[in-house]
Amino acid sequence: MFYDSFSLHFMSVGIRAQQAFRFEPRNLTVRMGATAVLRCEVLRASGTVQWAKDGLLLGPQRSLPGFPRYSMIGNPKRGQYHLQIAKVQLEDDTFYECQAGPSETSGAIVSSPAWVNVLIPPSKPNLLVDMATPWVAGRKYTISCVAPDAKPEADITLFKGDSFFFSDVFDMIGMTKYNKFTTLSSDNGRQLVCQAKNPALFKPVETRVTMSVFFPSQPPLILGLEREEVKAGRILVLECVSLGGNPLYSFGTLSHWQKKIKVLSTTWEEDVVAQKSSSILRLKITPADNHAQLCCESTNLVSLSPQSVIRKITVFFEPAQLTLLGSLTAVEGQDLKLSCHAASSNPPVHIRWWLGYKELNSTAFTMEEGDNGGMTTMSNMTHRVSREEDGMKLTCEAFNKATHFSKTQAAKLTVYYPPQKIWLDAPPQDIPLRSGTKVRLVCFSTGGNPMGTLTWYKNGRVVADAMRQTSFDMGVARELALVLTASDNQAIYRCDATNESKERITAYTKLKVHFTAISMRITAKQEVLRHGQVLNLECQVGSSNPKASISWSLGLFQGVEQPPKKAFFGGVSVLSSLSLNLSSQYHKQKVICQANSPVLAEEAKTFFQLNVLYAPEFSSTQPTRVEVVEDDMATIPLLVSANPEEVSCIWLHRGEKLVKEGNLRYLWADDQSLELRNVSRNDAGVYTIKCANEEGVGQTSIKIDVLYGPSVKAERDPVFVNLGETADLICVADAKPITPGMFTWKRQGEGEVEIGEENQEDDSGLLTFHDVTRAHAGLYQCTADNGIGLPASVNVQLVVQFKPQIRKGPQWRKVASRGDGTATAEVVCQAEGIPRVDFLWEKNGIRMDFANPRYEEQTVREGSFHTSTIWVVNVSAVLDYARFSCTAQNSLGEDKLDIQLVSTNHPDPPSLFRHIAVSHDSVTLEWIPGFNGGLPQRFRIRYHWDESVSFMYIDVFPPSSTFFTVTGLQPVTTYNFSVNAINAIGESAYADNNAILTITTKGQSVLLFCILGGSGLPAYLTVVFTVVFGVLLVLNSLGCFFGLRWKKIRGQTVDDRYPISLTRSRQSTEANSNKYESREKINTAAQRTLLIDSGSETDGNVYESYTEVRVQRQRATENSVLYFKKVNSDLNFEENYLVK
């Protein structure tokens, strides 16, 4: 805040020591980010000194909270209150005042404003120039340079290289400088620099960019072509070079300038250091390059047009092909006319002819213009051939003496002349051969060029299946392998030998063959054959040599034979007829006609297929009974035959026609059979099938038996029977078939009981129990299985009825409750009985009225158990301490229990105290608890032995347990045990009228073995006892080890209500405190105490120390050892072993 002059004057009244500035703050200039210090010193400072920024007080603290970069520095005792600003920012650029507030002795003072001027250096300048697109020499460009974020504004300077920028146009707008200039080729690669500075900088900041200026280069040169003439096949390596330019030039190397421009290469390399571009062209010269012009062009992005250089080449090349035209084969004495043609070449070639090593005279050759600017050459030759010139080489040679070129084309001359001789190797013509015999006919021929080609003919026709022709030293041969047939009888076989000379020589032979009939055919006079008609058949036997005899094969029928006639291949034919009475059994049978040759002992035969029309008939194997399992698919075959085979059948079941359409369960096969899916019992019965065709109707019947698995149900469920009577459990099965022994019974649930007597009567299974007991009651399962499908079961409950039986243990005969009118007593009576049990309650012999609000009764039934509970509200000792009588009754009888409602008291003693297990160091005890006195009770075991000076006590744990194992006992020692019950009020007498249970522990297993071993037992028993007691000893050791570990863990977490320690020095002074405490953890399952019998165990308990207990145990152990040493003195066991 500011203090006005009036306030200062008012506060100065009565001031004896006025505050004053020794040093006032002054204006300060500082760079952003530096530290600024505004000095302020006050003489006789008595008021609060603080700084104001732009009129806002910063506070009197030295650290100035809220302004982390601000602080007051200096020595306050010397009046120094300097304002320090760290890392000065632009927001600190304002005026500041140092103020001293009023005090009791001085008025307030305010310094003159001091301005902090913050200098900001310019950022790195930014050149606004498009360098992505290269510049072109000779063009004008505008350059802009910006230096932002400076205070004061920056001074901007432009340089080109290391020189000031002298441009055509200069302008400065704000923090941006603009320049326009014209580029030169020499500017390529130079740097363009923009510098910016102001007072906040010691050194200017700058930005540099490198200029890229495009300009054209010099015309290209072709290197590597020394002369114009080049031989075809040579590889030219040409280089086209272009110097200078930016960018360096790219190339296109061209060929065949006159006809068609073809780009040969567009790849190039750049040498930036040498400032040149070059393109290497590897060109393999071909005849097509003759008179070609090579052109190399170069260009870059700023060239107005491509620059080029052109060189012409002449190519020397040989003819690519030398062709020999005309046929090189001729018949002896003919003229041979050939031509030789040489393809285009430069220079042209000449042609000459050679036959062997002899040069032939030829006609003059001719030349014409050829491809690629060359000349072609043609030569024709005529020559008359002789037999001696066959196989000689005829050569055409093309040559040029000037270029030393020579090329030849040769071919072999072939001269034809006819074969000289032919003959046959064949069987004699006058000997007859058997049909089917294999015969070899071989034709031989010699001489001729080429060797003759042999062809076989039969009766003037070529035989195509003759074997391949073979050669031998003097000629050729061809074999004809025949399997003789009827057509070979009197046939003429001829062999011709020919070759390219067109002349033929011939040889022939004739064969004689015996054969069976070449054809047989049976014909019928009737076109349609029906059951009952007479059929007339004729068998026509074709040509045979010699004549054949005819027979029929169908039963014992005989035919009638006609006189023979002449036929083909020099043989004779025969006709025979047969008559036959038709029936359905002849349908599709074959009537066979046989022709036998007596000379050849062979026969030929044919058959006539009978197609007899008849009405549908059913096969003798047609099944009349079909069995099928329920839900399976039944296939009912229909073995019906008829002709025509188009038979329509209808199926009838129980007088109704089965409909084929719309029933998915019926699947009809093509043979009229029926597949019945998902067969049910309703599908059983007789099915009548009627089949008809054009000839009539046939009928048959089929019976279907449907087999199905059992379903079973109980005839009665549940079955009630009185105790001691006879019970019959019956289940009835629906199944097919009903098989013997298909019923089985078993009892469900736990518990074993002898199963009753099982019987079967037709479809019923019986289970009979005689003299029924309550153990027979339960759930029984009847299972039926006839082998079809899965077995079926049904449960039958057997309920044994008996009169009520009330639970009458000690804990049921008494109920305890306080009689002060504040408690509610619960009197429970539980009975078991069937049928339903009802309860009747009496109080002191008078039937209770439950309309009285102080009494409430509820009965709960669970199975055969019935529980009736009476709640006595606000129990009064005078009114309610009485005898409550509970009577449970049903139709079979009743039972009664008296329950006494008494006051809460100490518990009743346990009963039936006994031992159930004894070992060498432990005894397991069991008892029946008495009435608990109306409060939770626990049990305590008391025991002692002859050597003990007092009783030992163990509190049973868990408290409600009715059996317990006392451990830590001595072997072969007699102990006296007692048990009693304790609740919050007191304790009971000891069990069984203070009876003492005397038990002697067993000997250790090792000592027992010694005794047995010394008694002369058999060796094998000694071994058995050794193994058994050895195993027991190991298990005992393991039990002790894990028991100690468990006691160690459990001893740390035992409930405080069951202390387990012994002490002499520490006794509780509280009336209800537990008297069994010590520093030793004795047992984790119970708590053990040592008491001295002083005549009053409950009031006068004196505790022995832990040391005395150890002494007593040591003495007992020593006595036991001495005893066993006396018993086993003859066994020579060492004392150390026994003690251990």
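This structure holds 9 disulfides, where a disulfide is a pair of cysteine sulfur atoms within 2.5 Å. You're looking at a predicted model, in which local features need pLDDT of at least 70 and side-chain atom pairs count only at pLDDT 80 or more, while totals for chains, interfaces and linings use all residues. Residues are numbered from 1 along each chain as its sequence is written, and side-chain values use heavy atoms, leaving out hydrogens and water.

**Stop 1: Cys40 and Cys98**

Select Cys40 and Cys98 and show the sulfurs: a disulfide joins the two, S to S 2.1 Å. Cys40 sits in the loop between β3 (36-38) and β4 (41-43), and Cys98 is in strand β9 (residues 95-100), so the pair links distant parts of the chain, 58 residues apart. For the labels, helices (H or I, at least four residues) and strands (E, at least two) are DSSP runs, numbered from the N terminus. Put a dihedral on the S-S bond of Cys40 and Cys98: the torsion is about -75°, so the disulfide is left-handed. Switch on a surface, too, and note that both Cys40 and Cys98 are buried; buried means under 20% relative accessible area, exposed over 50%, and partly exposed in between (1.4 Å probe, protein chains only).

**Stop 2: Cys443 and Cys495**

Next, pick Cys443 and Cys495, a disulfide with its sulfur atoms 2.0 Å apart. Cys443 belongs to strand β43 (residues 438-446) and Cys495 to strand β48 (residues 492-498), 52 residues apart. Their S-S torsion is about -85°, so this disulfide is left-handed. Cys443 and Cys495 are buried.

**Stop 3: Cys649 and Cys691**

Now go to Cys649 and Cys691, joined with S to S 2.0 Å. Here the angle about the S-S bond is 115°, and the link is right-handed. The bridge connects strand β64 (residues 648-653), home of Cys649, with strand β68 (residues 685-693), home of Cys691, 42 residues apart. Both Cys649 and Cys691 are buried.

Then jump to Cys295, which is in no disulfide: the nearest cysteine sulfur, that of Cys296, is 7.2 Å away. Cys295 is buried, at 0% relative accessible area.

**Stop 4: Cys396**

Finish at Cys396, in strand β38 (residues 393-400). With 0% relative accessibility, Cys396 counts as buried. What does Cys396 touch, leaving aside residues up to four places away in sequence? Select Leu322, Leu324, Cys340, Ile351, Arg352, Trp353, Lys407, Thr408 and Gln409 to see those neighbours; contact means heavy atoms within 4.5 Å. For one last distance, take the C-alpha atoms of Cys396 and Gln409: 5.2 Å separates them, though these residues are 13 apart along the chain.
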